[in-house]
Amino acid sequence: MITMNHYLILSGILFAIGLVGVVRRKNLLMLFFATEIMLNAANIAFAAVSSYYHDLTGQMFAFFIIAVAASEVAVGLGLLILLYKKYGTINIDDFTIMKG
Amino acid sequence: MIPFAFYLFAILITGLFLVTVMSKNVLYAMTSLAAGMVLISGLFFILGADFLGVVQLIVYVGAVMAVYAFAMMFFDVTRDVEERHDKPWLVFLLGGGIAVTLVVIFAAPIMGETVHALYPPVAGATNPQAVGLVLFTKYLLPFEVASVMLLVAMIAGIILAGKKMEISLSAMDEDMIADTKEHA
């Protein structure tokens, strides 16, 4: 029998994968992919809690997370295209313009 | 049957997302991310959250991934991504440690058995009906705020990506690119 803990453990594993990606990636587009993984992991946890406690609040929050993710992609990719047109690269290491 | 489906989806999602995080090719990463999203909607269907699963399919796989695919036309994706990694073990230690800490923090109230259902599903209603009832009564204000946020994001996306649309970096040679940078 699959319990809620199974889903929460899966969600934790996926969140860890996303976080490792965020820390590891130097390419901005890949960084966006990693944040999407983290948002999806949170969605799985919300849906699981919502289902096992017979409460729709979790699903509502999952909807709003999806809305936030959609707008994040729209604005983030716009900024990314602007950065690429200005510098010709989307590698974070090339943006270290502050010398100290 | 449900345990089999859960473990199948869980293993496939984990593997696909690992490919997304580890792959050097942007196209491979995006494709595996899209496939993982499709399988996550399968998990939602198992959990009985039908409407959420359909929204996941339409918004994530349909819209977000399409936006990524369009955005990738601006970048050179045929080349492998070159990334400098100083201390790989530190990344995994930090990422895993932070993730475990966050999971413990958010799982603590559940372990304390203090969670009570605020809005239980209406008896006899299907999942989309119950979602609609709660969304348009208790969560009407957040819903409207989310719609305004999406409008703002759409306008921001149009304005940000639409600036200097007539200049194409990929169609120019190196001298012309340097020339536009001096003018900028």
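Helices, here runs of H or I in the DSSP assignment with at least four residues, and strands, runs of E with at least two, are numbered from the N terminus. The exercises below concern a predicted model.

**Exercise 1. Establish how many helices and strands chain B has, and in which order they come.**

Solution. Counting the elements of chain B gives seven helices and zero strands. Reading along the sequence then gives the pattern α-α-α-α-α-α-α. As a further step, one can ask about burial, and of the 184 residues of chain B, 33% count as buried. Turning to contacts within chain B, and taking those between residues at least 6 apart in sequence, one finds that 49% join residues at least 24 apart.

**Exercise 2. Compare the span of helix α2 of chain A with its expected span, and decide whether the helix is largely enclosed or not.**

Solution. Helix α2 of chain A covers residues 28-52, which is 25 residues. The expected span is 1.5 Å times one less than the number of residues, and for α2(A) this comes to 36 Å, close to the 37 Å found between its first C-alpha and its last. For the second part, buried means under 20% relative accessible area; since 19 of the 25 residues of α2(A) are buried, the helix is largely enclosed by the rest of the structure. The two ends can be described as well: at the start of α2(A), a side-chain oxygen of A:Asn27 comes to within 2.9 Å of the backbone nitrogen of A:Leu29, while after the helix comes A:His54, with a positive phi near 50 degrees.

**Exercise 3. Describe the surroundings of A:Ala47, beginning with whether it is buried or exposed.**

Solution. A:Ala47 belongs to helix α2 of chain A, and its relative accessibility of 1% means that it counts as buried. Next, consider what lies around A:Ala47 once its neighbours within four places in sequence are left aside: the residues in contact with it are B:Phe44, B:Leu47 and B:Leu52. Within chain A, a separation of 5.5 Å is found between the C-alpha atoms of A:Ala47 and A:Gln59, which are 12 residues apart along the chain.

**Exercise 4. Contrast A:His54 with A:Leu56, both in the loop between α2 and α3 of chain A.**

Solution. Begin with A:His54, which is placed in the loop between α2 and α3 (57-87) of chain A. Its phi, near 50 degrees, is a positive value in a residue other than glycine, and with a relative accessible area of 54% A:His54 is exposed. A:Leu56 also lies in this loop, yet its relative accessible area is 3%, and A:Leu56 is therefore buried. Not counting residues up to four places away in sequence, A:Leu56 touches A:Ser50 in its own chain, and in chain B it touches B:Tyr119, B:Pro121, B:Asn127, B:Ala130, B:Val131 and B:Val134. A:Met30, 26 residues from A:Leu56 in sequence, is 33 Å away from it, C-alpha to C-alpha.

**Exercise 5. Follow chain A through α3 and beyond, as far as A:Asn91.**

Solution. The 31 residues of α3(A) should span 45 Å at 1.5 Å a residue, and the 44 Å between the end C-alpha atoms agrees with this. Just after α3(A) comes A:Gly88, with a positive phi of about 75 degrees. In the segment after α3 one also finds A:Asn91, which is buried at a relative accessible area of 16%. Leaving out residues up to four places away in sequence, A:Asn91 touches A:Lys26 and B:Glu82.

**Exercise 6. Characterise the interface of chain B and chain A by its area, its polar contacts and the residues on the side of chain B.**

Solution. Start with the area: the two chains bury about 6,800 Å² between them, with 77% of it on carbon and sulfur atoms. In chain B, B:Leu47, B:Tyr68 and B:Phe75 lose the most area to chain A, together 11% of what that side buries. By residue count, 83 residues of chain B are in contact with 70 residues of chain A. For polar interactions, zero salt bridges are found across the interface, while nine residue pairs are in polar contact, both residues at pLDDT 80 or more. The largest share of the side of chain B that touches chain A, 11 residues, comes from α1(B). By class, that side has 64 nonpolar, 11 polar and eight charged residues.

Terms used. Residues numbered from 1 in each chain as written. Chains lettered and ligands numbered in written order. Heavy atoms only, no water. Buried < 20%, exposed > 50% of the residue type's maximum accessible area, 1.4 Å probe, protein only. Polar contact = N/O pair within 3.5 Å; in protein donor to acceptor, adjacent residues only side chain to side chain. Contact = heavy atoms within 4.5 Å. Buried area = accessible area lost by both parts, 1.4 Å probe. Salt bridge = Lys/Arg side-chain N within 4 Å of Asp/Glu carboxyl O. Nonpolar A, V, L, I, M, F, W, Y, C, P; charged D, E, K, R; others polar.
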